[in-house]
Amino acid sequence: MTTIKRKVSLLEYNTFGIDATAEYFAEYHSIAELRDILHDAKVQSLPVLPVGCGSNLLFTSDNFEGVVLRSGIRDINCVRENDEELILEAGSGLMWDDFVAYTVEKGFWGAENLSLVPGVVGAAAVQNIGAYGVEFKDIVQSVKTIERKSLEPRTLPVEACRYGYRSSIFKQKTHGQHIVTSVQFRLSKHPRPQLGYGHLEAAVRERGKVNLRNIRETIIGIRRSKLPDTRQTGSAGSFFLNPVISEERFREFLQKYPAMPHYTAESGKVKIPAAWLIEYCGWKGKRVGAAGVHEHQALVLVNHGGAKGQEILQLARDIQSSVSKQFDIRLDPEVEIIG
Ligand SMILES: Cc1cc2nc3c(=O)[nH]c(=O)nc-3n(C[C@H](O)[C@H](O)[C@H](O)COP(=O)(O)OP(=O)(O)OC[C@H]3O[C@@H](n4cnc5c(N)ncnc54)[C@H](O)[C@@H]3O)c2cc1C
């Protein structure tokens, strides 16, 4: 029998280090336990928030008046394999980087560029995490869920998940309606290095041979040198999405801002690094009370200690309005605001 706890501190379930409290909190270790929780009368009448490590969440109220659900399904199984590839199924509560470490250890190719992205497997399926030229959608075969209302299990093939830049069907209209229980991945038994991103190939070769271990270690090294350690400084990584604009509009920008960096996005559009826009507006390293902008990464908002979610939200709004004033570009948060 699973217990639904009351008044649980969420301090250890969000990397911003916001001291919010969940009215109810439950962890499930099997599909049967998840169904029991969702079947409970009080759970049915309240908002439900599935949470992994809270590395993409900002709690802006002291209390979350609903049920925080956490997956404790953490097993990895091989579903089928042949000489070329295999299908691995991983539980939604498994730490993402433990999954990547496992694939690298076993010699399976596909997940290595996503080394050290914080969070759990279930959230990676919701977020379509991406790093170093690879996205979650590139290696997923299907996502298994329990539908909140009907309690029915569903298997969504990758095409049905409608993956885009940090988006999926789970984040859109149906947010909170599908609880992810496990994910099936398609991985290769043969080398498939993806080293086209920035200077990644040179950095790997500097370390030695192009193999899974060296790719993983290189990426871990780069990430550790660039990103704040959330155990020391609260943050949720990139706070805003990189805006995508038309090529025509970008050409106009280039006349006024010749140094504006850019990347090619889908369907002929252009992606502008939000960090550059924020830095241009003078926000890098700024501090407002206990909230601030990281001194080396303008896209990362930080909690210097004891900040309220509202303080960080206000800082985010001020940044949005100065970028909008300067460039007439809207910055959308990547981080989910809960409150
Ligand atoms: C330092 C740092 C670096 C980061 N770097 C990257 C990066 O390189 N690339 C990148 O893409 N992201 C990055 N992120 C963002 C973050 O790691 C991802 O968004 C990650 O997937 C969040 O995982 P989580 O377990 O913390 O999810 P949470 O923040 O707890 O939840 C995220 C979303 O998933 C939902 N969710 C969680 N579990 C389930 C489930 N079982 N079923 C249904 N919904 C669920 C939540 O409701 C929420 O909508 C970074 C964050 C930090 C702090």
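Two strands are said to pair if DSSP finds at least two bridges between them, and I begin with that because strand 7 and strand 12, which run antiparallel, are joined by seven bridges. Please keep in mind throughout that what we are looking at is a predicted model.

Let me stay with strand 12 for a moment. Strand 7 spans residues 85-91, and one of its residues, Leu88, has Phe185 as its bridge partner in strand 12. Strand 10 also runs antiparallel to strand 12, and again seven bridges join the two; here you can find Ile146 standing opposite Ile179 of strand 12. As for its surroundings, strand 12 is mostly covered, in that ten of its eleven residues are buried.

From strand 10 we can go on to strand 11. Strand 10, residues 140-147, pairs with strand 11, residues 153-157, in the antiparallel sense over five bridges, and within that pairing Val143 stands opposite Leu156 of strand 11. Together strand 10 and strand 11 form a hairpin with five residues between them, and in the turn Leu151 has a positive phi of about 65 degrees.

Now to the ligand. Which residues are the closest to the ligand, among the 34 that surround it? They are Pro50, Gly52, Ser55, Gly130 and Glu336. If we sort the shell around the ligand by class, we find 18 nonpolar, 13 polar and three charged residues. Several elements supply at least two residues each to this shell, namely strand 3 (48-50), helix 4 (121-127), strand 8 (130-131), strand 12 (178-188) and strand 13 (234-238), and the largest share, four residues, comes from helix 4. Strand 12, then, which we met as a partner of strand 7 and of strand 10, is also one of the contributors to the ligand shell.

There are three polar approaches to the ligand that I would like to point out. An oxygen atom of the ligand is 2.9 Å from a polar backbone atom of Pro118, while a nitrogen atom of the ligand is 2.8 Å from a polar backbone atom of Val180. With Arg223 it is the side chain that takes part, since one of its polar atoms lies 2.9 Å from a nitrogen atom of the ligand. Taken alone, the ligand exposes 980 Å², and the protein buries 95% of that.

Next, a few single residues, starting with Thr103, which is found in helix 3, residues 96-106. Is Thr103 buried or exposed? Thr103 is buried, because its relative accessible area is 0%. Leaving aside neighbours within four places in sequence, Thr103 is in contact with Leu88, Phe108, Ala111, Leu187 and Leu212, and you will recognise Leu88 as the bridge partner of Phe185. Thr103 and Leu212 are 109 residues apart in sequence, yet their C-alpha atoms are 9.1 Å apart in space.

Asn82 sits in the loop between strand 6 (76-81) and strand 7 (85-91). At 39% relative accessibility Asn82 counts as partly exposed, because that term covers values from 20% to 50%. A polar atom of the Asn82 side chain lies 2.8 Å from the backbone nitrogen of Glu85. The C-alpha atoms of Asn82 and Pro261 are separated by 44 Å, with the two residues 179 apart along the chain.

Another loop residue is His294, between strand 18 (291-293) and strand 19 (300-303). His294 has a relative accessibility of 13% and therefore counts as buried. A polar atom of the His294 side chain lies 3.1 Å from the backbone nitrogen of Gln297. Beyond its neighbours within four places in sequence, His294 is in contact with Pro228, Lys284, Gly285, Val300 and Val302.

I will finish with an open sheet of three strands, in the order 14-16-15, where the pairing is antiparallel. Which strands are the edge strands here? They are strand 14 (244-245) and strand 15 (263-264), each of which pairs on one side only. Strand 15 is joined to strand 16, residues 270-271, by two bridges, and the two strands run antiparallel; in this pairing Thr264 stands opposite Val270 of strand 16.

How values were computed: Residues are numbered from 1 along each chain as its sequence is written. This is a predicted model: local features need pLDDT of at least 70, side-chain atom pairs count only at pLDDT 80 or more; totals for chains, interfaces and linings use all residues. Side-chain values use heavy atoms; hydrogens and water are left out. Buried means under 20% relative accessible area, exposed over 50%, partly exposed in between (1.4 Å probe, protein chains only). A polar contact is a pair of N or O atoms within 3.5 Å; within protein, one must be able to donate a hydrogen and the other to accept it, and residues adjacent in sequence count only if both atoms are side-chain atoms. Contact means heavy atoms within 4.5 Å. A residue is near a molecule or strand if one of its heavy atoms lies within 4 Å of it. Accessible areas come from the Shrake-Rupley method with a 1.4 Å probe; for residues, only the protein chains shown count as cover. Ala, Val, Leu, Ile, Met, Phe, Trp, Tyr, Cys and Pro count as nonpolar, Asp, Glu, Lys and Arg as charged, and the others, Gly among them, as polar.
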